[in-house]
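Let's look at how two parts of one protein chain meet. Have the structure open while you read the points below.

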Amino acid sequence: MVRLVLVLGDQLSRDIAALKAADKARDVVVMAEVMGEGISVPHHPQKIALILTAMRKFAAALAADGWRVAYSRLDDPDNSQTLSGEVLRRATETGVSSVLATRPGEWRVIADLEALPLAVTILPDDRFLCPEAEFAAWAEGRKSLRMEFFYREMRRKTGLLMDGDKPAGGQWNFDHDNRKPAKADLLRPRPLRFAPDAVTEEVLALVEARFAHFGKARPFHWATDRAGALAALDDFVTNRLPRFGDEQDAMLTGEPFLSHAVISPYLNIGLLGPMEVCRTVEAAWQAGRVPINAAEGFIRQIIGWREFVRGIWALQGPEYAARNVLGHYRALPGLYWGKPTGMSCMAAAIGQTRDLAYAHHIQRLMVTGNFALLAGVDPAQVHEWYLSVYIDAFEWVEAPNTVGMSQFADGGVVGSKPYVSSGAYIDRMSDHCGGCQYRVKDKVGERACPFNLLYWDFLMRHRARFEGNPRMAQMYRTWDKMDQGHRARVLHEASRFLRRLDAGEAV
Ligand code: FAD
Ligand code: SF4
């Protein structure tokens with residue numbers, strides 16, 4: 001029986017389940033560039049360009065390998081501009097009514113495929129190291145799901161950084177050696193840049209003509225095929241991995257990448273596999289080229305956090321992204337879409353997001369995420385923003401990170417406490433405060449750092465929920481010891497700041 005084999009834009013792996021199960025001699029691979037996906041949220045132009053370019057190259061490689069590929073280009077006049085429409089068009093053209101697909105990473109797309117009036121078989125996405133059923137079994141009966149325990153299971157299962165049944169180096173986690181601020185360094189190695197080739201240029205022109213979304217399409221320096229992604233991985237392991245652990249939480253003006261890998265888009269669209277990445281890092285440690293705190297810290301992000309959030313996404317289901325246990329309903333402030341702000345840390349994170357479609361974890365969590373949570377922004381709007389603006393954003397990974405880890409809108413499924421901080425944390429981990437319109441040391445007054453005001457306002461708004469949390473009780477005790485007049489002033493100034501934010505004033 002001939003089947004249509006659907007390969008989505010984030011499934012560009014030769015060993016994707018649907019291709020593994022397909023018959024090259026008979027089946028037809030279906031790939032489609034459609035406006036419906038490009039505008040499902042206002043995706044960053046570099047994200048759209050990366051996906052479309054990588055799709056075109058992947059399709060060409062499959063065709064060169066002997067596959068029959070039915071490829072819909074965005075500017076094809078017959079393109080129905082929806083995924084379902086394109087699958088149906090190919091079904092009509094070929095007279096085939098069976099579809100083989102790999103489980104998409106977005107509930108909306110899963111529902112679209114399931115609603116097709118065709119015989120659709122959806123196979124599990126086995127590129128993840130922890131199958132959905134295995135995660136569900138691990139989660140079953142646990143009072144709370146904590147990444148650290150899941151991570152240890154994954155270390156045992158994969159054998160990564162293991163010394164028999166013991167963790168290599170005698171510890172599961174070396175984070176106490178990490179989390180240092182970064183120093184300016186003129187010789188700091190920057191990620192490899194890939195000059196756009198003819199295929200990329202053609203796609204960039206198409207994207208610029210069709211999508212007027214937040215973010216700059218150019219300069220575009222991403223790798224767009226597997227060879228490029230492997231080169232990017234090698235460059236990271238050789239040049240930046242040694243300092244990965246030390247600088248994991250640091251922020252430095254003008255240094256958007258520091259010692260981060262900058263490989264998440266390649267992993268998420270399928271150009272790299274999680275296990276090959278981890279094995280490469282483990283080998284660098286075994287060869288004595290990187291310290292254990294760097295190798296362990298990195299591998300934890302992949303087999304720990306990445307697999308953990310994917311498990312949460314699958315376990316929690318389609319309603320998860322709409323959760324809002326803290327009852328936050330403020331509109332996302334215009335500064336997230338590039339309106340000027342005097343807050344240096346926010347301007348740096350959002351400016352580089354606009355220019356590069358990239359910000360590293362601490363910028364996402366402790367700057368833009370922290371501010372949205374403290375200000376009480378509607379988590380659905382925060383979720384849509386993160387899903388739109390980052391080149392690596394796909395619902396399965398973005399939603400648990402945003403709705404759960406960053407906004408605590410899931411009530412503690414992902415994290416045991418909200419990630420909130422005053423300006424002191426940002427000051428400690430970055431050099432942003434020195435050049436800011438606000439003063440991080442000021443707790444009240446005209447130039448008080450907004451994070452300082454909003455931090456206490458948030459804690460007071462949610463006192464009933466968080467006061468009993470052992471990891472937060474100390475903060476409430478600190479507040480209670482403060483002078484009553486000072487406390488009243490903090491809350492008064494916080495609400496004045498929020499009114500200005502709501503009025504659309506530049507803050
Ligand atoms: P590095 O810091 O070098 O980390 C190495 C790799 O570990 C990453 O490439 C990534 O694959 C993995 N990783 C690290 N942290 C996480 C995590 N928390 N969850 C999943 N994988 C992780 N990551 C995405 O891939 N897509 C997203 O849409 C996304 N949205 C996020 C939203 C918020 C609010 C927050 C706080 C984090 C989000 N992350 C997301 C996680 C993390 O910020 C990015 O994976 C990371 O910044 C990617 O850059 P890098 O490759 O340089 O990562
Ligand atoms: Fe950010 Fe406050 Fe520091 Fe300004 S003073 S950079 S707003 S933390």
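**Where domain 1 meets domain 2**

The domain assignment splits this protein into domain 1 (4-123), domain 2 (132-191 + 240-316) and domain 3 (334-502). Keep in mind that you're looking at a predicted model. We'll stick with domain 1 and domain 2 here, whose C-alpha centres are 31 Å apart. Their contact draws on 14 residues from domain 1 and 8 residues from domain 2.

**Buried area**

- About 810 Å² gets buried between domain 1 and domain 2, and carbon and sulfur atoms account for 61% of that area.
- On the domain 1 side, look for Leu50, Arg103 and Trp107: together they provide 49% of the area that domain 1 buries against domain 2. No other three residues supply more.

**Charged and polar links**

- Between domain 1 and domain 2 you'll find 1 salt bridge.
- Arg103 and Glu132 pair up through their side chains in a salt bridge, at 2.7 Å from N to O.
- As for polar contacts, 3 residue pairs, with both residues at pLDDT 80 or more, make them between domain 1 and domain 2.

**The domain 1 side**

- Helix H3 (45-64) and helix H5 (107-114) are the elements giving two or more residues to the side of domain 1 that touches domain 2.
- H3 gives the largest share of that side, with 3 residues.
- Sort the residues on this side of domain 1 by type and you get 7 nonpolar, 4 polar and 3 charged.

Notes. Residues are numbered from 1 along each chain as its sequence is written. Chains are lettered from A and ligands numbered from 1 in the order in which they are written. This is a predicted model: local features need pLDDT of at least 70, side-chain atom pairs count only at pLDDT 80 or more; totals for chains, interfaces and linings use all residues. Side-chain values use heavy atoms; hydrogens and water are left out. Domain bounds come from an automatic or database domain assignment. Contact means heavy atoms within 4.5 Å. Buried area is the accessible area (1.4 Å probe) that two parts lose on being put together, summed over both. A salt bridge is a side-chain nitrogen of Lys or Arg within 4 Å of a carboxyl oxygen of Asp or Glu. A polar contact is a pair of N or O atoms within 3.5 Å; within protein, one must be able to donate a hydrogen and the other to accept it, and residues adjacent in sequence count only if both atoms are side-chain atoms. Helices (H or I, at least four residues) and strands (E, at least two) are DSSP runs, numbered from the N terminus. Ala, Val, Leu, Ile, Met, Phe, Trp, Tyr, Cys and Pro count as nonpolar, Asp, Glu, Lys and Arg as charged, and the others, Gly among them, as polar.
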